[in-house]
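Let us go through this model by question and answer. Keep the sequence and the 3D view open.

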Amino acid sequence: MSISFDVALPYNSLAMKRRLRLAITGGGTGGHLSPAVAVIDEIRAREDLEAEILYLGSKNGIESTVIPLMGIEYKQIPTGKLRRYLSLQNFLDIFRVIVGILKSLIHLSSFKPEVLFATGGYVSVPSVVAASLLKIPVVIHEQTGSLGLANRICARFADVIAISIPDTANLPHHKKTVLTGNPVRKNVLSGSKQNAARRFGFDLSLPTIYITGGAQGSHKINTIVGEALPQLLSMAQVIHQTGDSEHGKQDYEHLTRIALSLPQQLQQRYILFRYIGNEIGDIYAISDLVVGRAGAGTVNELTVLGKPSVLIPLPHSAGDEQRANAERLAQVGVAVVIEEAELSSNILVDTIRELVSTPDKLRHMSEAASQIALERAEHKLVDLILQVVESKNTNSR
């Protein structure tokens with residue numbers, strides 16, 4: 001199906017009262033889920049738009065928990081993991097993907113969406129293929145500087161590819177691409193420093209550090225923080241998210257024991273979470289410095305919010321994208337990068353001490369974020385989705 005539309009139209013040019021039937025797919029990680037959540041939030045915030053939404057996701061991915069809690073109809077589809085190495089599972093997963101396509105065909109045929117929005121991850125592939133077979137327009141969104149393996153496959157069936165940074169690599173030349181940026185969830189943007197201080201009992205005269213290893217956590221980062229905790233708390237307040245994986249649960253308990261062994265004054269400066277939900281906005285609002293991984297979602301939030309950071313890229317991430325994300329922020333002065341192989345408690349403490357002891361440097365890092373931040377991406381994406389639907393309707397008349 002050929003979709004033609006003027007991608008240069010103002011994004012607010014489609015403001016009209018209408019109904020939308022939208023299918024969404026993507027997930028497996030928070031980085032793939034966050035754009036979908038941001039788009040859903042934007043749709044719900046629009047008084048001129050009423051939408052029915054179906055989400056096609058995996059059985060065990062993070063989306064299987066988050067999306068139903070948002071009151072969105074959720075259908076599980078089987079799929080295979082996309083591996084880059086030889087494995088017997090690759091053969092078995094071919095059949096899982098085929099079953100996933102068949103189930104997606106059933107769900108999409110029943111729901112009859114006007115468009116499918118896909119945010120990547122291996123779970124998106126069966127639904128995108130099914131939508132293409134049903135002649136349903138497909139919009140995919142890439143959060144990183146190059147198409148991931150799943151999105152490279154999905155791009156073959158997509159009508160439009162929305163990208164997050166201008167110099168995104170390995171894009172198919174025959175597809176329309178639109179620069180939208182990477183959406184930020186509304187609860188990330190709506191935090192209050194004062195609310196955070198009351199919530200956590202923090203002193204606004206002290207610097208606050210937010211440490212995270214992502215939704216699943218990082219055992220390496222958690223271990224180093226545990227070793228450095230007394231020194232970190234002697235100079236700052238710390239909010240620490242350990243993650244909710246099996247090792248994350250053990251880390252949470254281990255860090256709790258370490259915290260309880262500290263003097264009461266230091267204990268009051270440490271807030272520990274396994275998983276962070278709606279409080280994320282307040283956490284960002286009160287944080288003077290963020291320490292964490294360099295996934296696309298995290299990096300995007302840091303730039304939009306103007307938060308200085310110490311980034312520890314995940315080694316061997318797909319396409320080494322986390323290192324590329326971290327270096328992009330470091331080049332404009334928004335972040336300090338520490339390679340995981342070089343990470344130690346001494347290096348972490350020294351790096352943080354240098355930053356929190358020089359407020360002017362933190363302020364310059366925050367200001368530098370404006371050079372690469374692309375704001376209102378969720379607004380642009382919803383308008384793009386509506387454009388694709390209108391173009392389809394126009395062509396079918």
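Q: In which sense do strand 1 and strand 4 pair, and over how many bridges?
A: This is a predicted model, in which local features need pLDDT of at least 70 and side-chain atom pairs count only at pLDDT 80 or more, while totals for chains, interfaces and linings use all residues. Residues are numbered from 1 along each chain as its sequence is written, and side-chain values use heavy atoms, with hydrogens and water left out. Helices (H or I, at least four residues) and strands (E, at least two) are DSSP runs, numbered from the N terminus, and two strands pair if DSSP finds at least two bridges between them. Strand 1 covers residues 18-25 and strand 4 residues 115-118, and their pairing is parallel, over 4 bridges.

Q: Which residue in strand 4 does Ile24 stand opposite?
A: Strand 1 spans residues 18-25 and pairs with strand 4. Opposite Ile24, in strand 4, stands Phe117.

Q: Why is one side of strand 3 and of strand 7 left without a neighbour in the sheet?
A: The open sheet has 7 strands in the order 3-2-1-4-5-6-7, with parallel pairing. Strand 3 (73-76) and strand 7 (176-179) each have a single partner strand, because they stand at the edges.

Q: At what angle does helix 4 run to strand 4?
A: Axes are lines fitted to C-alpha atoms, for helices over the stretch in contact (heavy atoms within 4.5 Å). Angles run from 0 to 180 degrees between N-to-C directions. Helix 4 (residues 124-133) lies across strands 1, 2, 4 and 5, and its angle to strand 4 is about 155°.

Q: What angle does the direction of helix 16 make with that of strand 1?
A: Helix 16 (residues 377-396) also packs on the sheet. Among the strands it touches are strand 6 (160-163) and strand 7. With the direction of strand 1, helix 16 makes about 110°.

Q: Are helix 14 and helix 15 roughly parallel or roughly perpendicular to each other?
A: Helix 14 (residues 345-356) and helix 15 (residues 359-368) pack with their axes 6 Å apart, at about 90°. Angles of 65 to 115 degrees count as roughly perpendicular, under 35 as roughly parallel. The two helices are therefore roughly perpendicular.

Q: Which residues in helix 15 do Glu354, Leu355 and Val356 meet?
A: Glu354, Leu355 and Val356 belong to helix 14. The contact of helix 14 with helix 15 has 5 nonpolar, no polar and 2 charged residues. On the helix 15 side are Pro359, Lys361, Leu362 and Met365.

Conventions:
Parallel < 35°, antiparallel > 145°, perpendicular 65-115°, else oblique. Nonpolar A, V, L, I, M, F, W, Y, C, P; charged D, E, K, R; others polar.
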